[in-house]
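Colleague: Could you take one helix of this model and walk me through it closely, with the cut-offs behind each term?

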Amino acid sequence: MGEITTREREWTTMDYSNLNNYCIYTMRNSDELNYLFNSDRKGTFYENQLWKTGKLLFDDAHTQGLTMPILFSAADTNSGLIYYGTLTSIFLFEIENKTKYCFENLTKITIPKPLSSLYLKSSKKPLSDSYIRPYAICLTPSYLEDCLKTTELLPIPKFRKSGEEPFHYNFKKLDFSLEQFWQWSYSDIVGNTVRGILAEYIVAKALGLTEKIRTEWDAFDLLTENGLKIEVKSASYIQTWYQKKFSEISFSIRKTKYWDENTNLQVQESKRQADIYVFCLLKHKVQETLDPLDLNQWDFYILSSSVINKEMGDSKGIALKKLISLAPVKSNFGNLKKNIELSDEGKCDNVT
């Protein structure tokens with residue numbers, strides 16, 4: 001082994017307080033990382049490789065009461081290091097040759113760092129900026145300590161509430177709660193605003209994506225474990241206001257400008273951000289028995305953004321008749337997950 005340079009020696013001896021001297025570098029899809037960062041900043045991933053050394057180092061750090069960092073680059077673009085977090089567990093599945101790792105405190109590196117800012121534990125040499133392997137044991141970089149001292153106001157982590165949280169005043173609990181606010185503000189589930197959120201929840205529930213709470217200003221509504229970006233739209237024949245006749249069914253398909261709450265910057269290019277659209281139609285036409293919680297009263301139409309872009313161009317809306325003419329996959333709730341997954345693979349059939 002060659003002589004360690006002054007800079008490399010600094011990395012091995014510097015006091016990082018509670019940080020372990022070693023960290024793990026890996027890569028994930030940027031949409032997955034952004035989604036987790038905009039929710040509760042923790043997650044679980046699987047890697048098709050055994051992190052044996054990483055597991056040993058993590059267990060050793062845990063025994064000493066030290067925190068082991070994990071640093072991420074984007075797997076889908078040449079991003080450099082864009083996020084870091086703290087590992088909470090590493091599990092090895094030797095028969096399947098897989099590693100499961102969990103982390104929390106996912107934090108954005110505001111100005112991405114090059115991969116070469118990491119030094120390999122084994123050789124004390126910097127990673128190549130074109131390094132393509134998804135796993136490396138590195139010396140914990142000193143700039144993490146600077147990142148931890150930042151005075152920037154990062155997006156507030158979002159955590160699921162129970163509804164029992166009380167209002168309080170002058171350090172005393174009051175006799176009304178968050179649940180009562182929800183009842184006051186969201187009981188009208190037929191009206192356009194709340195029905196749209198309810199439709200998102202129904203689709204998320206079908207896909208098993210309700211563990212993480214909804215992010216209001218995301219570029220798209222849902223993200224599957226496979227990285228599929230989904231936009232959910234809703235419409236109804238019956239409204240909460242006076243009607244002379246049923247509403248004409250139309251869904252919004254307007255292009256948007258992506259806004260990143262991590263940087264508070266807006267991308268100037270307008271486009272449809274999702275991979276597929278799920279158009280949710282509350283089809284029931286009898287006002288007395290209308291019930292958006294009865295999932296038999298809904299139809300779901302699944303259509304790729306590529307078809308919408310090709311056939312609708314810059315159109316801001318699409319009528320139901322036109323939508324049907326584009327041959328979307330029509331589904332009921334029971335088969336919604338299957339049809340969305342098949343749609344992602346480009347081989348779905350109508351299952352109603």
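Modeller: What follows is a close look at α6 and its surroundings. This is a predicted model, in which local features need pLDDT of at least 70, side-chain atom pairs count only at pLDDT 80 or more, and totals for chains, interfaces and linings use all residues. Residues are numbered from 1 along each chain as its sequence is written, and side-chain values use heavy atoms, with hydrogens and water left out.

Helix α6 (192–207), a DSSP run of H or I with at least four residues, has 16 residues and reaches 23 Å from its first C-alpha to its last, close to the 22 Å expected at 1.5 Å a residue, where the expected span is 1.5 Å times one less than the number of residues. Just after α6, Gly208 takes a positive phi of about 70°.

Among the buried residues of α6 (under 20% relative accessible area, 1.4 Å probe, protein chains only) are Arg195, Glu200, Val203 and Leu207, and what covers the buried residues includes α5, β11 and α9. Val203 touches Leu222, Val232, Val278, Cys280, Leu336 and Ile340, not counting residues up to four places away in sequence, a contact being heavy atoms within 4.5 Å. Val203 is also one of the residues with the most contacts inside the largest nonpolar core, which has 41 residues; such a core is a set of buried Ala, Val, Leu, Ile, Met, Phe, Trp, Tyr and Cys residues joined through side-chain atoms within 4.5 Å. The elements that give two or more residues to this core include α6, β15 and α8.

Conventions:
Buried < 20%, exposed > 50% of the residue type's maximum accessible area, 1.4 Å probe, protein only.
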